[in-house]
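Please look at the sequence and the predicted model shown below. The paragraphs that follow go from aromatic rings to cores, then to a pocket and some single residues.

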Amino acid sequence: MIIGLSFKRRKRYTTALEHYEKAAKVAETARLNNYFGMLYNNIGDIHFLIGDQEKAQKYFLDGFHLKEDTKSKLFSVMSLLEVNVAQQNIEGIMKWLETGYELKGNEEDLVEFRYHFDIYLNKYKFEDHNAFIESLKKAVDYFEAYDEYYTHKYALWLSRELRNTGKYKLATEYYEKTISMMSRWE
């Protein structure tokens, strides 16, 4: 799995996929059933990145159904949301948002998912652009303290939205955040 992840980070997706599939065979042979949820999510992610949304969704669903831990299931919900966004399936987005909020409940240790879900809720259910922008800003502020991946993702999304609405100066600030993170990754 670690080898697959390293190839994924280098954007060598087919090689990463080969390693994940080998890991799945090893897990099956050794009857390490608790690894399948994570493996299927990683395989689904590779398919998502190479543009095969159908396979990605299948693996994300399989992973979701195999996972028992709430936080792990919520990460699968995030993946399923992204696939439905890519497919422009509003009904699917609403279904997975509902599932996500239901799983999250009022648990304080899962607060990060409120930031994720609020973005999609404001964009796709309420279609409130101002609330959507505010939820992106809140997510960037929240994740900036500890998660570069989501900070980058939401700052980039926010900068594009701000640019599209003519707020170029503010968009530039968020673009700079993403560029700064990308330079640290290299």
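Phe117 is buried, with a relative accessible area of 0%, and its ring is paired with that of a residue that is less hidden, since Tyr101 is partly exposed at a relative accessible area of 27%. A search of the whole structure of this predicted model finds 19 aromatic pairs. In the pair formed by Tyr101 and Phe117, the ring centres lie 5.4 Å apart and the planes are at 65 degrees, an arrangement that is edge-to-face. The two partners come from distant parts of the chain, with Tyr101 in helix 6 (residues 90-104) and Phe117 in helix 7 (residues 112-125), 16 residues apart.

A pair of aromatic rings is described by the distance of the centres and the angle of the planes. By these two values, Phe143 and Tyr146 make a tilted pair, because their ring centres are 6.0 Å apart and their planes stand at 50 degrees. Here, too, one partner is buried and the other is partly exposed: Phe143 has a relative accessible area of 0%, whereas that of Tyr146 is 45%. Both residues belong to one aromatic cluster, which also takes in Tyr115, Tyr120, Tyr124, Phe132, Tyr142, Tyr149, Tyr150, Tyr154 and Trp157.

Charged side chains also meet aromatic rings in this model. The charged end of Arg114 sits over the ring of Tyr115, at 4.7 Å from the ring centre, and Tyr115 is one of the members of the aromatic cluster. In another part of the sequence, the charged end of Lys58 sits over the ring of Tyr59, with 4.8 Å between that charged end and the centre of the ring.

Which residues have the most contacts inside the largest nonpolar core? This core has 34 residues, and the ones with the most contacts inside it are Leu81, Phe117, Tyr120 and Tyr154. At least two residues of the core are supplied by each of helix 4 (53-66), helix 5 (70-86), helix 6, helix 7, helix 8 (129-143), helix 9 (148-164) and helix 10 (168-185). Helix 7 gives the most to this core, with seven residues. If neighbours within four places in sequence are left aside, Leu81 is in contact with Ile93, Trp96, Leu97, Phe117 and Tyr120, and two of these partners, Phe117 and Tyr120, are themselves listed with Leu81 among the residues with the most contacts inside the core. A second, separate core has 13 residues, including Phe7, Leu17, Phe36 and Ile43.

Attention can now turn from packed side chains to open space. Rolling a probe the size of a water molecule over the atoms shows where empty space is left. The largest pocket holds about 1,900 Å³ of space and is lined by 47 residues, of which Lys8, Asp45, Leu49, Tyr149 and Tyr150 lie nearest its centre. Tyr149 and Tyr150 are also members of the aromatic cluster. Helix 1 (2-9), helix 2 (13-29), helix 3 (36-49), helix 4, helix 5, helix 7, helix 9 and helix 10 each supply at least two residues of the lining, and helix 9 gives the most, with nine residues.

Two buried residues show how helix 2 and helix 3 meet other parts of the chain. His47 is found in helix 3 and is buried, with a relative accessible area of 6%; apart from its neighbours within four places in sequence, His47 is in contact with Leu17, Asp52, Lys55, Ala56 and Tyr59. Of these partners, Leu17 is included in the second core, while Tyr59 carries the ring over which the charged end of Lys58 sits. Ala23 lies in helix 2 and counts as buried because its relative accessible area, 16%, is under 20%. Not counting residues up to four places away in sequence, Ala23 touches Met1 and Leu39, and its C-alpha atom is separated by 8.8 Å from that of Gly4, 19 residues apart along the chain.

The last two residues lie in loops. Arg31, in the loop between helix 2 and helix 3, has a phi near 55 degrees, a positive value in a residue other than glycine, and is exposed, with a relative accessible area of 70%. Glu127 lies in the loop between helix 7 and helix 8; its phi is also positive, near 50 degrees, and at 63% relative accessibility Glu127 counts as exposed.

Conventions: Residues are numbered from 1 along each chain as its sequence is written. This is a predicted model: local features need pLDDT of at least 70, side-chain atom pairs count only at pLDDT 80 or more; totals for chains, interfaces and linings use all residues. Side-chain values use heavy atoms; hydrogens and water are left out. Rings of Phe, Tyr and Trp (its six-membered ring) pair if their centres lie within 6.5 Å; planes under 30 degrees apart count as stacked, over 60 as edge-to-face and the rest as tilted. Helices (H or I, at least four residues) and strands (E, at least two) are DSSP runs, numbered from the N terminus. Buried means under 20% relative accessible area, exposed over 50%, partly exposed in between (1.4 Å probe, protein chains only). A charge sits over a ring if NZ of Lys or CZ of Arg is within 6 Å of the ring centre and within 35 degrees of the ring normal. A nonpolar core is a set of buried Ala, Val, Leu, Ile, Met, Phe, Trp, Tyr and Cys residues joined through side-chain atoms within 4.5 Å. Contact means heavy atoms within 4.5 Å. On a 1 Å grid over the protein atoms alone, a cavity is a set of points where a 1.4 Å probe fits but cannot get out, and a pocket is an open set with protein on both sides within 12 Å along at least five of seven lines; lining residues have an atom within 4 Å of a point. Grid points are joined across faces, edges and corners, and a volume is the space filled by probe spheres set on the points.
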